[in-house]
Structure formats: structure tokens, C-alpha cells
Amino acid sequence: MTAAPPRGLAERLKDTRARLESDIDLWVASGAAGVHLVPLSFLWDGTAFLVSTPRASVTGRNLLADGRVRLALGPTRDVVLVDGTAEPVDLADLAPGTGEAFAARTGFDPGELGGRYQYFLIRPRRVQAWREANELEGRTLMRDGRWLA
């Protein structure tokens, strides 16, 4: 198999932003004491991810105790990794229409489940993207919460 030539920064940024806007699900890794990995649906608003999980779940407890989180999107040959910080947000504190937008986008409305679910706003601090080994160099697209372009 011959790998395509590595993408430049502008193309990687374009492809990554398209994935953030079009994907619905991602993997969430949380937990300082022991990593816990779950798939969750998300809403991307252009600056942060919104996810929801039961407060009492391992992921919910991890994010409430320690907001450090890693997200993964895409298949292994077109991966986007995001390191970020999660902060709990109650439904009443979301911007108007955000809960409805989340439900419409994901097909899941945590607000209908009697308050067991907690929303988390995840702000990316670092974003990396690559397809093959030839794209490992230059894979960092965001550093310290700022896009490199």
C-alpha cells in the first residue's frame, strides 16, 4: 500500500474542522486514577464540545472530580485526538436552544431523563490529527487552546 503524501497544515485544519462539524459520536477517556473509556454523542459549537452522561456513571464521576479529558474521533487511519478540560453545565445554564440543538443533532435528549444526566462542556487545549505515519510530524493543530493557523 502506498500512502498519500502528508497533508499540509491548512488541509489538516480544514479536514479536522469538517470532522468536528459532521461527526456525531466520539470516544471519551477520563479518570486520573484509572482511565475509563466510553463512546458519547456530542455537539460542537465551533469552540467547545458538549456531551452528556449520567452523573453517577464512572465517566460522570471522573469528569466531576477531575476535568481532564481526552477525546478521539475517526478511524485509526484518520484520527483526531483532543486533550481538553471538562466543566459541568446544568441544562438551565446552557445558552438558549443549546439543549434542543444537542437533542436534534444526537437523537438523544438528556433533559427528558429526570435530571440523572449531567452536561459537560469540553474546551480543547490540544488537537492533533494524522492519517498515516508520514503525518505524525506536524500532527499538532491546536496548542494551549489556540489553533496554529
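From the N terminus on, the elements run α-β-β-β-β-α-β-β-α-β-β-β. That comes to 3 helices and 9 strands. The radius of gyration is 16 Å, close to the 15 Å that the globule rule gives for 149 residues, so the chain is as compact as a globular protein of that length. The model is predicted.

**Overall dimensions and surface**

- The C-alpha trace spans about 50 × 35 × 30 Å along its principal axes.
- Of the 149 residues in the chain, 42% are buried.
- The accessible surface is about 8200 Å². Carbon and sulfur atoms account for 53% of that surface.
- Take the contacts between residues at least 6 apart in sequence: 62% of them join residues at least 24 apart.

**Nonpolar cores**

- The largest nonpolar core holds 23 residues. Within this core, Phe 49 and Leu 71 touch the most other members.
- Two or more residues each come from α1 (9-22), β1 (25-30), β2, β4, β5 (68-73), β6 (79-89), β7 and β8 (140-143).
- β7 is the top contributor, giving 4 residues to this core.
- Another core lies apart from it, with 8 residues. Among them are Ala 48, Leu 50, Tyr 119 and Leu 121.
- What does Leu 71 contact beyond its neighbours within four places in sequence? Its partners are Leu 26, Trp 27, Val 28, Phe 49, Val 80, Leu 81, Val 82 and Ile 122.
- Phe 49 thus appears twice: Phe 49 is in contact with Leu 71, and these two residues touch the most other members of the core.

**Helix α3**

- Helix α3 covers residues 98-106. Its buried residues are Thr 98, Gly 99, Phe 102, Ala 103 and Thr 106.
- Seen down the helix axis, these buried residues fall within an arc of 140 degrees, so they line one face of α3.
- An α-helix has 3.6 residues a turn, so residues three or four places apart point the same way.
- The face turned away from the buried side carries the exposed residues Glu 100 and Ala 104.
- What covers the buried residues of α3? The cover includes β2 (36-41), β3 (43-44), β4 (49-54) and β7 (117-130).
- Strands β2, β4 and β7 also give two or more residues each to the largest core.
- Gly 107 comes just after α3 and takes a positive phi of about 75 degrees.

**Arg 19 in helix α1**

- Arg 19 sits in helix α1.
- Is Arg 19 buried or exposed? Its relative accessibility is 16%, so Arg 19 counts as buried, the cut-off being under 20%.
- The side chain of Arg 19 makes a polar contact with the side chain of Asp 78, at 3.0 Å.
- Leaving out residues up to four places away in sequence, Arg 19 touches Leu 73, Gly 74, Pro 75, Asp 78 and Val 80.
- Val 80 is also one of the residues in contact with Leu 71.

**Asp 144 in a loop**

- Asp 144 is found in the loop between β8 and β9 (146-147).
- Its phi is near 55 degrees, a positive value in a residue other than glycine.
- Asp 144 has a relative accessible area of 55% and is therefore exposed, the cut-off being over 50%.

Notes: Residues numbered from 1 in each chain as written. Predicted model: local features only at pLDDT ≥ 70, side-chain atom pairs only at ≥ 80, totals over all residues. Heavy atoms only, no water. Buried < 20%, exposed > 50% of the residue type's maximum accessible area, 1.4 Å probe, protein only. Arc of directions from axis to C-beta. Contact = heavy atoms within 4.5 Å. Core = buried A, V, L, I, M, F, W, Y, C linked by side-chain atoms within 4.5 Å. Rg over C-alpha atoms; globule rule 2.2 N^0.38 Å. Areas by Shrake-Rupley, 256 points an atom, 1.4 Å probe, with all protein chains shown as cover. Polar contact = N/O pair within 3.5 Å; in protein donor to acceptor, adjacent residues only side chain to side chain.
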